[in-house]
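Me: I have a protein model open and would like to learn how to read its empty spaces and its helices. Could you take me through them?

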Amino acid sequence: MKRKLGVILLSGGLDSTTAATLAVQAGYDLIAVTVHYGQIHSREIDAATRVADALGLRQEVVDVSFFRQLAWYSALTNPDRFEIPEGRVPEDMTADIPITYVPMRNTFLLSLASAYLESQVLNVLELEGASPDSVEAALFIAANAIDYSGYPDCRPEFYDSLAETLRLGSKIGTQYGVPFTIETPLLQMTKADIVRQAMSTGAPLDRTWSCYEGGVAPCAKCDSCLLRAKGFAEAGVTDPALTAE
């Protein structure tokens, strides 16, 4: 049986928590990577830590907040210049790429996570002496191409292309023939499907945070809050985060 090594980008939201739970249940030796990339608040990072604790995951919190200086054209990194859209219907969210899109964020975050995963795999291959055909290497990301905010880095073709790029640029891919796979288990799910999946697998949704704002309670107006509420309403269940202490 192959040793399944995995790294998940854990943001602490509904989607990444569901994806992490699925990866754990699929038997991956999973490490959570949570990135402070210069987003406007730390509530989601705190939530990610609570989720990692609930799932028994080792977590690496990485501070690359300088990234906001480069990816400044976004309401999530430059709120003084750009306002977060509020009160939009789903059709408006996908009409164009919104100002909450952070330039090259997923490309950057997956590059960081792949460096960590490759280090883990090289340790197993070169220091522990495992054979290349006994190891799998998977990056998990909770991208969604259906109920989402129109981001270009949430589409299947992006992940197919990036997986090949990572293989070509890595030692494990070119010398050992261990490919990076980018696992996107939620890609073709609606938000309601994600909620149902999360509830059925016991994902710790009571510890999650999805709001673009960093207040005491979710704003219930931003795209992320509205899509989350839509998912729970269509699934016909109460959001555990709303009743958590």
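**Pocket, cavity and two helices**

Reply: Happy to! The largest pocket is lined by 22 residues, and those nearest its centre are Thr 208, Trp 209, Pro 218, Ala 241 and Leu 242. The model is predicted, so local features need pLDDT of at least 70 and side-chain atom pairs count only at pLDDT 80 or more, while totals for chains, interfaces and linings use all residues. Residues are numbered from 1 along each chain as its sequence is written, and side-chain values use heavy atoms, with hydrogens and water left out.

Me: How is a pocket told from a cavity?

Reply: Rolling a probe the size of a water molecule over the atoms shows where empty space is left. On a 1 Å grid over the protein atoms alone, a cavity is a set of points where a 1.4 Å probe fits but cannot get out; a pocket is an open set with protein on both sides within 12 Å along at least five of seven lines, and lining residues have an atom within 4 Å of a point. Grid points are joined across faces, edges and corners, and a volume is the space filled by probe spheres set on the points. Here, the largest pocket has a volume of about 500 Å³.

Me: Which helix gives the most to the lining of the largest pocket?

Reply: That is α9, with six residues. Helices (H or I, at least four residues) and strands (E, at least two) are DSSP runs, numbered from the N terminus.

Me: And how many cavities of 30 Å³ or more are there?

Reply: The count comes to one. The largest cavity holds about 860 Å³ of space. It has 37 lining residues, with Ser 11, Asp 15, Glu 44, Arg 105 and Tyr 212 closest to its centre.

Me: Which residues of α2 are buried?

Reply: An α-helix has 3.6 residues a turn, so residues three or four places apart point the same way. In α2 the buried residues (under 20% relative accessible area, 1.4 Å probe, protein chains only) are Glu 44, Ile 45, Ala 47, Ala 48, Val 51, Ala 52 and Leu 55. They cover an arc of only 155° around the axis, which puts them on the same side of α2; the arc is that of the directions from the helix axis to the C-beta atoms. Among their cover are α1, β2 and β3.

Me: What about α6: which residues are buried there?

Reply: Phe 158, Tyr 159, Leu 162, Ala 163 and Leu 166. Their arc is only 130°, which puts them on the same side of α6. On the other side, Asp 160 and Leu 168 are exposed, meaning over 50%.

Technical notes. Contact means heavy atoms within 4.5 Å.
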